[in-house]
Amino acid sequence: GLGQPWADNANGFWPSAHAEIDQLPFAGIDLQDIVHKHARRIAYFHGSVNTWAHRQEYADWYRARGHELATSTLDYAVDLPATYVPPLLARTDYRAKLRQLGDPLIVAHAPTNPEIASTSDFLSACGRLGICTQLIQRTPHPEAMRMKASAHAGFDHLRGAFSANTLENAALGLVPLVGLRPDCLQALIDAGIEPPPWPRVVTL
């Protein structure tokens, strides 16, 4: 799985830390012990600023070693290309309440990395429009979900493809706000997935 913390500590294309990914035990699993030599190998791309910047180099590197490519987000799926495999979500009992007449509009935003999640633009736009924001950072996941559920909508980012944040927002019953590139939207349609009826956010 590309997108581990070591990837963002790298400068440039840096496969050496995980060059032989099947030889590195992960979460107590030693893949050498369980993977048959004829098994299909998959490199799963998920996040990481550095990996995104060098995505084609990583894609070429893993393909050359017989890996098939899969990814958690549509932008990687389109650009590499790779098979789109959305991340699994943790179950939660939290559900957002419908906004009542006279209630202030509250929009939640839970960026992993505010510098690439349009966070400053989001806060600025909400300030101009008088919209209340629920900024969630460095918070344990169950508490983050509870805080999200106190809002009416959830903003992800404007990078062109939704992340697990948007999927969580939709699961909680929030109106998901995310910038979606036309080619990413088309990728959903090509995969036989009905595009969700979310508001199309292009700019703040």
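Eight residues line the largest cavity of this protein: V178, L180, L185, P195, P196, W198, P199 and R200. Before going further, keep in mind that the model you are looking at is a predicted one.

What kinds of residues surround this cavity? Its lining divides into seven nonpolar residues, no polar ones and one charged residue. The structure holds one cavity of 30 Å³ or more.

Now let us turn to the largest pocket. Its lining is made up of 36 residues, and H46, T112, N113, R159 and S163 are the ones that lie nearest its centre. Two or more lining residues are given by each of the elements α3 (49-53), α5 (74-79), α7 (141-148) and α8 (164-172). Which element supplies the largest share of this lining? That is α7, with four residues.

Here are the two spaces side by side.

| Space | Volume | Nonpolar | Polar | Charged |
|---|---|---|---|---|
| Largest pocket | about 960 Å³ | 14 residues | 15 residues | seven residues |
| Largest cavity | about 60 Å³ | seven residues | no residues | one residue |

Since α7 gives the largest share of the pocket lining, it is a good helix to look at next. Which residues of α7 are buried? They are A144, M145, M147 and K148. These buried residues cover an arc of only 160° around the axis, which puts them on the same side of α7. A general rule helps here: an α-helix has 3.6 residues a turn, so residues three or four places apart point the same way. As for their neighbours, the buried residues of α7 pack against β4, β5 (132-135) and α8.

Finally, find R95 in your viewer. This residue sits in the loop between β3 (83-84) and β4 (106-109). What does R95 touch, once residues up to four places away in sequence are left out? The answer is A149, A171 and L172. Take A149 as an example: R95 and A149 are 54 residues apart along the chain, yet their C-alpha atoms are separated by 5.6 Å. R95 also has a partner within its own stretch of chain, as a polar atom of its side chain lies 3.1 Å from the backbone oxygen of T92.

To retrace the tour on the structure, start at the cavity lined by residues including W198 and R200, go on to the pocket with H46 among the residues nearest its centre, then look at the buried side of α7, and end at the loop that holds R95.

Methods:
Residues numbered from 1 in each chain as written. Predicted model: local features only at pLDDT ≥ 70, side-chain atom pairs only at ≥ 80, totals over all residues. Heavy atoms only, no water. 1 Å grid on protein atoms, 1.4 Å probe; cavity = no way out; pocket = protein on both sides within 12 Å on 5 of 7 lines; lining within 4 Å. Points joined across faces, edges and corners; volume = space filled by probe spheres on them. Nonpolar A, V, L, I, M, F, W, Y, C, P; charged D, E, K, R; others polar. Contact = heavy atoms within 4.5 Å. Polar contact = N/O pair within 3.5 Å; in protein donor to acceptor, adjacent residues only side chain to side chain. Buried < 20%, exposed > 50% of the residue type's maximum accessible area, 1.4 Å probe, protein only. Arc of directions from axis to C-beta.
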